[in-house]
Amino acid sequence: MKNIIDRLKGIFPEDTHQRIFLVGGAVRDFLMGQERKDIDLAASLTTEEFATLGFHLVEGRSTSAIWHRHVEGLGTIEATPLRDAADLTDDLRQRDFTINAMAITLAGEVIDPQDARDDLKHKLLSACSRRTFIDDPLRIFRAFRFAADGWRMTPECESLLRERDWSRELSSIPVERFSREILKALEKPEPERFFQLMLEMDAGRNYLPELFRMPHVPAGPLEHHPEGDLFSHSTQVLQRVAAVSRDPLARFCAFFHDIGKLATDPSCYPQHHGHDQAGFGMSGTFCQRMRLPAKYGKALAGVSRLHGTFNLWGQLRDSTRIRMADQALKGGIAEILPQVSAADKAGGSEPAEWREALRIAGMSSEELGIDLQSLERVQPSKRTAHILQKRVEQFRAIPKASF
């Protein structure tokens, strides 16, 4: 923190130092001994001062305006403007949770108007006021994200969440803000807690109606899915993938890998014939609606369509294995597909041949020993099959002992 403060003193003129405060997550993380990538400030500076110092004003559709500047080696600085330095305490009391309502001056003094350090010590989430969630209902999901990181809400904080139906308030908040909280939660040690709390608190149906249907859909026949419902199954798969991968994309695909089962006609329960193809068709629209990056829709579509077949690896033809490896490479799920498929059942593991299948699927025609002239002699409609056959031959030539 001393290094950060020294850097900030170098950025801001000395006559502004008493008007600048480190706040929010930067203070919380410092007091917990954790590194912080970005810096949050509250600053009593004029518009002219901010602009002169290289800051740019960003005005959100549903959030307050914040001044931004990126500093090499320090990260992004986000500064909330204060009318006067004396307004700092009021600003802190209007924040979400007490652990985010502390400040540090550029002289190194900690300002803690709500005695948050005890909450910090016990990893407790206490609301700053009874208006915490009213002022910004998205803080509900921020609380769930903190829970995924091992924090516990105080009974008073939980009571504020449970005392009303938040549907109307949440309906006015852009889905992008909700989705950002999901992606942050997926990076935490217990990402399943985010979804569990959504159900427990009945919050977020307008954003994620699929989640609220999952507990009422059987995961499959009980002999294959003794856990029962689709939510329980999806939670188990997420937990298993989270144990081996910190990639939020892998964890996202793990939780929603069976999204296609939501399309099954209830008269067919507990069977879900064709859910893999149904999931493939649903994934793009689902992720677009959630305003997620394009790679999420592409990856989820691939995992939804391929994971069931991948689970039958030992029964597949070599040509099917190579085609699947090719599809995984093109879909950006070469690592994710075996992780999700292994997690789809207790004790699952990646097939020994998978890495070789990926290597061969990624080989060029030249690497496969196919020269351009010989390929041109093959009928255009049969060239793809010709190349696939060469890949299969390469795959079969690998000594079994090497797997």
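**Group meeting: a walk through a predicted model**

Let me begin with one strand pair: strand 6 and strand 7 run antiparallel and are joined by two bridges. Within this pair, Ile104 stands opposite Val110 of strand 7. Before going further, please keep in mind that this is a predicted model.

Those two strands belong to an open sheet of seven strands, with mixed pairing and the order 3-4-5-2-1-6-7. Strand 3, residues 56-58, and strand 7 stand at the edges with a single partner strand each, so one side of each has no neighbour in the sheet.

Now some overall numbers. The protein has 403 residues, and 50% of them count as buried. Its secondary structure comes to 21 helices and nine strands. Taken along the principal axes, the C-alpha atoms fill a box of roughly 80 × 55 × 35 Å. The accessible surface is about 20,100 Å², and 48% of that belongs to carbon and sulfur atoms. As for charge, there are 54 positive and 57 negative side chains, with the centres of the two sets 5 Å apart. If we take contacts between residues at least 6 apart in sequence, 64% of them join residues at least 24 apart.

Back to the sheet, and to strand 1. Strand 1 covers residues 20-23 and pairs with strand 2 in the antiparallel sense, over three bridges. One position to look at here is Leu22, whose bridge partner in strand 2 is Leu41. Strand 1 is also joined to strand 6 by three bridges, and these two run antiparallel. There, Val23 has Ala103 of strand 6 as its bridge partner.

Which residues of strand 1 lie on each side? Ile20 and Leu22 are on one side, Phe21 and Val23 are on the other, and all are buried, so both faces of the strand are covered. As background, side chains in a regular strand alternate between the two faces of the sheet.

Strand 2, residues 39-43, is next. Five of its five residues are buried. Ile39, Leu41 and Ala43 point one way, while Asp40 and Ala42 point the other way. Strand 2 runs parallel to strand 5, residues 75-81, and five bridges join the two. In that pairing, Ala43 stands opposite Pro81 of strand 5.

From strand 6 we can step into the loop that follows. Leu106 is found in the loop between strand 6, residues 103-105, and strand 7, residues 110-111. Is Leu106 buried or exposed? Its relative accessible area is 3%, and the cut-off for buried is under 20%, so Leu106 counts as buried. Leaving out residues up to four places away in sequence, Leu106 touches Ile5, Leu8, Lys9, His17 and Ile20. Of these, Ile20 is one we have already met, as a buried residue of strand 1. For a sense of distance, Leu106 and Trp166 are 60 residues apart in sequence, and their C-alpha atoms are 39 Å apart in space.

Turning to the helices, helix 7 spans residues 139-147, and nine of its nine residues are buried. The list includes three arginines, Arg139, Arg142 and Arg145, and three phenylalanines, Phe141, Phe144 and Phe146. Ile140, Ala143 and Ala147 are also among the buried residues.

Further along the chain is His257, in the loop between helix 14, residues 248-256, and helix 15, residues 275-289. Its relative accessibility is 1%, so His257 counts as buried. What do the polar contacts of the His257 side chain look like? One, of 3.2 Å, joins it to the side chain of Asp258, and another, of 3.1 Å, joins it to the side chain of Asp344. Asp344 also appears among the residues that His257 touches beyond four places in sequence, together with His233, Val237, Leu300, Val303, Ser304, His307 and Val340.

The last stop is Ala325, in helix 17, residues 318-331. Ala325 is buried, with a relative accessible area of 0%. Which residues does Ala325 touch, not counting those up to four places away in sequence? They are Trp354, Ala357, Leu358 and Ala361. Ala325 and Ile370 are 45 residues apart along the chain, and 20 Å separates their C-alpha atoms.

That is the end of the walk.

Key
Residues are numbered from 1 along each chain as its sequence is written. This is a predicted model: local features need pLDDT of at least 70, side-chain atom pairs count only at pLDDT 80 or more; totals for chains, interfaces and linings use all residues. Side-chain values use heavy atoms; hydrogens and water are left out. Helices (H or I, at least four residues) and strands (E, at least two) are DSSP runs, numbered from the N terminus. Buried means under 20% relative accessible area, exposed over 50%, partly exposed in between (1.4 Å probe, protein chains only). Contact means heavy atoms within 4.5 Å. A polar contact is a pair of N or O atoms within 3.5 Å; within protein, one must be able to donate a hydrogen and the other to accept it, and residues adjacent in sequence count only if both atoms are side-chain atoms. Two strands pair if DSSP finds at least two bridges between them. Accessible areas come from the Shrake-Rupley method with a 1.4 Å probe; for residues, only the protein chains shown count as cover. Lys and Arg count as positive and Asp and Glu as negative; His and the chain ends are not counted. The place of a charge is taken as NZ of Lys, CZ of Arg, CG of Asp or CD of Glu.
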